[in-house]
Amino acid sequence: LMFSTAYLASFPNKSVRLVDLLEGPTNVGDNYGSRMRGWLVPPVTGNFVFWIASDDNGEFWLSTNNRKANEALICLQPQSAGPRQWDKYTEQKSQPIRLVAGQAYYYEVRGSLCV
């Protein structure tokens with residue numbers, strides 16, 4: 001993978017609560033990393049497909065339950081793509097994942113922006 005955790009080693013200088021979309025700001029700077037993490041609680045039971053799009057590299061990790069220890073990489077952004085450009089690489093799309101309504105699932109999205 002081309003993803004580098006070097007930009008995630010520093011203490012964050014900004015924290016934002018995401019309510020409706022799992023989407024970070026665009027065109028905000030260069031040479032930094034971002035991490036979004038929390039719990040996803042699906043409203044219905046079913047198979048869900050996830051996508052990731054990021055400027056440079058990105059990874060979407062999802063746990064089988066509410067614990068970080070059980071997370072697995074489900075899709076990734078191997079190189080640069082535009083905002084909401086979901087179909088540039090096949091790796092951007094996850095396989096269908098069965099989730100149960102009302103159950104919390106830990107997720108983490110990691111991104112790296114380099115120039």
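Are E108 and R110 buried or exposed? Both residues are buried, and a salt bridge joins them, with 2.8 Å between the closest N and O atoms. The model is predicted. Its protein chain has 115 residues, of which 32% count as buried. The secondary structure consists of 6 strands and 0 helices.

**Overall fold**

- Along the sequence, the strands follow one another in the pattern β-β-β-β-β-β.
- Of the contacts between residues at least 6 apart in sequence, 74% join residues at least 24 apart.
- The chain exposes about 7,800 Å², and carbon and sulfur atoms supply 52% of that area.

**Salt bridges**

- Side chains of opposite charge can pair when their charged atoms come close.
- The structure has 6 salt bridges by the rule applied here.
- A network of these bridges links R35, E59, K68, E71, E108 and R110.
- K68 forms a salt bridge with E108, at 3.1 Å from N to O. This pair links distant parts of the chain, since K68 lies in the loop between β3 (57-63) and β4 (71-77) while E108 lies in strand β6, 40 residues apart.
- E108 counts as buried because its relative accessible area is 1%, and the cut-off for buried is under 20%.
- K68 also forms a salt bridge with E71, where the closest N and O atoms are 3.1 Å apart.
- The two partners in that bridge differ in exposure: K68 is partly exposed, with a relative accessible area of 40%, whereas E71 is buried, at 17%.

**Aromatic pairs**

- The whole structure contains 3 aromatic pairs.
- One of them joins W39 and Y106; the ring centres are 5.9 Å apart and the planes stand at 70 degrees, so the pair is edge-to-face. The cut-off for that class is over 60 degrees.
- W39 belongs to strand β1 (residues 32-40) and Y106 to strand β6 (residues 105-113), so this pair ties together parts that are 67 residues apart in sequence.
- W39 counts as exposed, with 54% relative accessibility, whereas Y106 counts as buried, with 6%.
- Ring pairs also link F50, F60 and Y107 into a cluster.

**Nonpolar core**

- The largest nonpolar core has 12 residues: M36, F50, I52, F60, L62, I74, C75, I97, L99, Y105, Y107 and V109.
- At least two residues of this core come from each of β3, β4, β5 (97-99) and β6.
- Strand β6 gives the most to the core, with 3 residues.
- The members of the aromatic cluster, F50, F60 and Y107, also appear in the list of core residues.

**Surroundings of Y105**

- Y105 is one of the core residues.
- Leaving aside residues up to four places away in sequence, Y105 touches G38, W39, L40, P42, L62, S63, T64, N65, N66, R98, L99 and V100.
- Two of these contacts, L62 and L99, are listed in the nonpolar core as well.
- Another contact of Y105 is W39, the residue whose ring pairs with that of Y106.

How values were computed
Residues are numbered from 1 along each chain as its sequence is written. This is a predicted model: local features need pLDDT of at least 70, side-chain atom pairs count only at pLDDT 80 or more; totals for chains, interfaces and linings use all residues. Side-chain values use heavy atoms; hydrogens and water are left out. Helices (H or I, at least four residues) and strands (E, at least two) are DSSP runs, numbered from the N terminus. Buried means under 20% relative accessible area, exposed over 50%, partly exposed in between (1.4 Å probe, protein chains only). Contact means heavy atoms within 4.5 Å. Accessible areas come from the Shrake-Rupley method with a 1.4 Å probe; for residues, only the protein chains shown count as cover. Rings of Phe, Tyr and Trp (its six-membered ring) pair if their centres lie within 6.5 Å; planes under 30 degrees apart count as stacked, over 60 as edge-to-face and the rest as tilted. A salt bridge is a side-chain nitrogen of Lys or Arg within 4 Å of a carboxyl oxygen of Asp or Glu. A nonpolar core is a set of buried Ala, Val, Leu, Ile, Met, Phe, Trp, Tyr and Cys residues joined through side-chain atoms within 4.5 Å.
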